Amino acid sequence: MEYVIEMLNIRKEFPGIVANDNITLQLKKGEIHALLGENGAGKSTLMNVLFGLYQPEQGEIKVKGKKVNITNPNIANDLGIGMVHQHFMLVDPFTVTENIVLGMEPKKGVTIDMKKAVKDVKEISDRYGLKVDPNAKIAEISVGMQQRVEILKTLYRGAEILIFDEPTAVLTPQEIKELTQIFKTLISEGKSIILITHKLKEIIEVCDRVTVIRKGVGIDTLDVEGTTPNELASLMVGREVLFRTEKKTAVPKEAVLEITKLNVKDARGVNAVKDLSITLRAGEIVGIAGVDGNGQSELIEAITGLRKISSGSIKLSGKELSSLKPRKITEAGIGHIPQDRHKHGLVLDFPIGENMVLQTYYQTPFSKMSMLNNKEINKKAKKLIAEFDVRTPSEYTEARALSGGNQQKAIIGREVDRDPDLLIAAQPTRGLDVGAIEFIHQRLIDQRDKGKAVLLLSFELDEIMNVSDRIAVIYEGNIIAIVDPKETTEQELGLLMAGSKRKEAGEDTHV
Amino acid sequence: MFNRVQKILIPVISVILGLIIGAIVMIISGFNPLEGYSALLKGAVGDSFYLGETIRQITPYIFAGLAVAFAFRTGLFNIGVEGQLLVGWIASVWVGLAFDLPKVIHLPMSILAGAAAGALWAFVPGILKARFRVHEVIVTIMMNYIALHLVNHLVRYVISDQQNTTERVPETASLKSPFLETLTEFSTMHFGIFLALAGAIIFWLILEKTTAGFELRSVGFNQHASEYAGMNVNRNIVFSMVISGAFAGLGGAMEGLGTFGYAFIHSAFSGVGFDGIAVALLGGNVAIGVVLAAALFGILKQGALIMPIESGVPTELVEIVIAIIIFFVASSYIIAYVLQRFKKGAK
């Protein structure tokens, strides 16, 4: 069998972590090959090795049977490898044509031959069925169109092998259908495709073969025909013993957070949260499971007042929050461990002490007659540092100097200490080591046992399954199912997260 | 980014490098750098008269530097200090001329009028930034021109009767001090320096000790986290510009009520406001740094006046030295990099 790309026994290390350990991926000519793995499994690292952004410590890459040394993306380009990134790399004020020819402009003397450029772009777009308006500005076209421009860019550069990094994450269902069609046209024109994804449905629908990697290790490569979503899910997640956090059965009481018919637009003005309703009770942890980009961030931003809602209602213990400013919402009794601790959670240039009072600096005892009371602030900081085991030289150390885990513990200390009725934890353990994860999970459960409501957002199924009392699956901005973690499986969750209906999922799991 | 030691070392090294390169320029141009610099030093602090003049020169630099630094600490770039200084100048003189009051009321009132005018002038770019995200750099630059021509119009047609200067402010609104003048062999030194130092202390107090300053610093470092923490980012932007403008306006009042005692038609910008940017940069946007940087600027500028007479080195050399200092501070990564190399080498 002829392989166009062979990545053999690739090993890539970063300080303290092996991102790729002995992974082999072989791409046949004319196939769509899926690269499947959880967040952080090492998919992107592997593709960046292929694209020349990283150099592997071990292993070799062959293109059409010939050993190659890809030391930078230009070499990858010359070898016919093109990448369609998840986050588009386009110049917004430029036209479609200008973006496509950027860096390889056809020239007439010293000026760009725009006529030829437009003609070339038209030709390629007709040939591959990628309908675009060559003269439209990027800023004025839809996300799906922008993705086509990215694809055209690689084709214009003569790519034979196209890598798609989570291409459907930003697309509407209609656009996804169109993309599937585009894939088929590309294959019929002799191209080969690597599709990076963690959506099982897509793999089953469009791919020929799939390589599964888990925690940096290549698990298996198998034909999609004859496999099931369940098999793929278990390969992706792994069968090893899962660490379970000890917890008593939840005793949910009165409703704390009531969201009804909530609609929220994202930054691009697209409806990210659609008619979403959910109720959280005191004394329970509700986990939000879903693939990134299904409205989770917008939902949390709406609850915390960082994003305006289009319609609907958010009530905390009966009090309407949706029109309040973030400060009033915080004061109403919401704690928020933000998804991005560097962007939202901390002022990195502030000492830990000042970060510990980021929402409360204006209240007594931290402020007296509008003056800061540093003694009280540092006393508070010291107490939280001890209580939450934040490893820092002192409370005067800049937050920037702390490790991620300790930064996160500082944020959790600050939020939990305010003892909010509702604690929102968005990816609270992302990038942390096992010890810190355990600690943080225990703190969330402690809050629950104290009779508080906890909303947990995570992309880690383990975490959702272990910590939550109820799991709400979010898909395309809506809660499509609420399941009991004791009665569900990761396979079922994986299917639900990929948009399968509850019933289908149920049938599959009873095999 | 940089640690504490580096924050202090970088401006100091920049100044030394600036002086060294200035010396090289002098040698190339056929001057003796030792003679040049000693003339400069003599012209700045050589006797009590020169010292008085230098201190007088430092005063507006401190205020201009504080103005730029204050905005910068909130993440804003106030290029409009020049204009705010001019309106502060004319407002203080106007109030000085318009009223007849006892000194205890008249002088503070005139000074505050300068601060208020500067604050108002900076409020415009502040509110435009907060409301409509209009970039403050553009607006403040434009406001400089409006200030220049407005002030000239006021001097000629409103406050004076088609003259190039206004009348002198009466003694009740003057910062001039016969005592300080006698002490410094009749230099133009006035009380302003004490106000400037007090301004630096207030700057420090507001930013480091008050809850308002906590918000300003927080917004300056990280708007997202500040918004998350419930701070009103837009209000802080306006507030920061207003305080910044007030400092600039005070700088103008020092010139109007102290140095000159009147306002006059400016054919071009005074340059003090723009030098304030350099002062703030060199001073690391902290109060004590601004005072020290302003002192250096005052010494260089004042000494430059005597240098050609004593040593023949042209005044422009000081501009070269200042430019090189600013170059090195602005490209501080180069110095930080060399320092790091140096440290590694030592190990």
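**Exercise 1. Assess the confidence of chain A in this predicted model.**

Solution. The mean pLDDT of chain A is 86, and 93% of its residues reach 70 or more. Next, consider its elements: strand β21 (residues 422-426) of chain A has the highest mean pLDDT, 95, whereas helix α18 (residues 502-509) of chain A has the lowest, 44. Finally, pLDDT stays under 50 over residues 503-511 of chain A; for this stretch the model has seven contacts beyond four places in sequence.

**Exercise 2. Classify the ring pair Phe203(B) and Phe247(B), and state whether each residue is buried or exposed.**

Solution. The pair belongs to a structure that holds 21 aromatic pairs over all chains. The ring centres are 6.1 Å apart and the planes stand at 50 degrees, so the pair is tilted. Phe203(B) lies in helix α8 (residues 192-209) of chain B and Phe247(B) in helix α11 (residues 233-259) of chain B; the pair thus links distant parts of the chain, 44 residues apart. The cut-off for buried is under 20% relative accessible area. Phe203(B), at 1%, is therefore buried, and Phe247(B), at 5%, is buried also.

**Exercise 3. Classify the ring pair Phe269(B) and Phe274(B) and give the accessibility of each residue.**

Solution. The centres lie 5.7 Å apart with the planes at 80 degrees; because edge-to-face requires over 60 degrees, the pair is edge-to-face. Phe269(B), at 22% relative accessibility, counts as partly exposed. Phe274(B), at 31%, is partly exposed as well.

**Exercise 4. Identify which charged residues of chain A sit over Phe439(A) and Phe388(A).**

Solution. The charged end of Lys409(A) sits over the ring of Phe439(A), 5.6 Å from its centre. Arg443(A) lies over the face of Phe388(A), at 4.4 Å from the ring centre.

Definitions and conventions: Residues are numbered from 1 along each chain as its sequence is written. Chains are lettered from A and ligands numbered from 1 in the order in which they are written. This is a predicted model: local features need pLDDT of at least 70, side-chain atom pairs count only at pLDDT 80 or more; totals for chains, interfaces and linings use all residues. Side-chain values use heavy atoms; hydrogens and water are left out. pLDDT is the predictor's confidence in each residue, from 0 to 100. Helices (H or I, at least four residues) and strands (E, at least two) are DSSP runs, numbered from the N terminus. Contact means heavy atoms within 4.5 Å. Rings of Phe, Tyr and Trp (its six-membered ring) pair if their centres lie within 6.5 Å; planes under 30 degrees apart count as stacked, over 60 as edge-to-face and the rest as tilted. Buried means under 20% relative accessible area, exposed over 50%, partly exposed in between (1.4 Å probe, protein chains only). A charge sits over a ring if NZ of Lys or CZ of Arg is within 6 Å of the ring centre and within 35 degrees of the ring normal.
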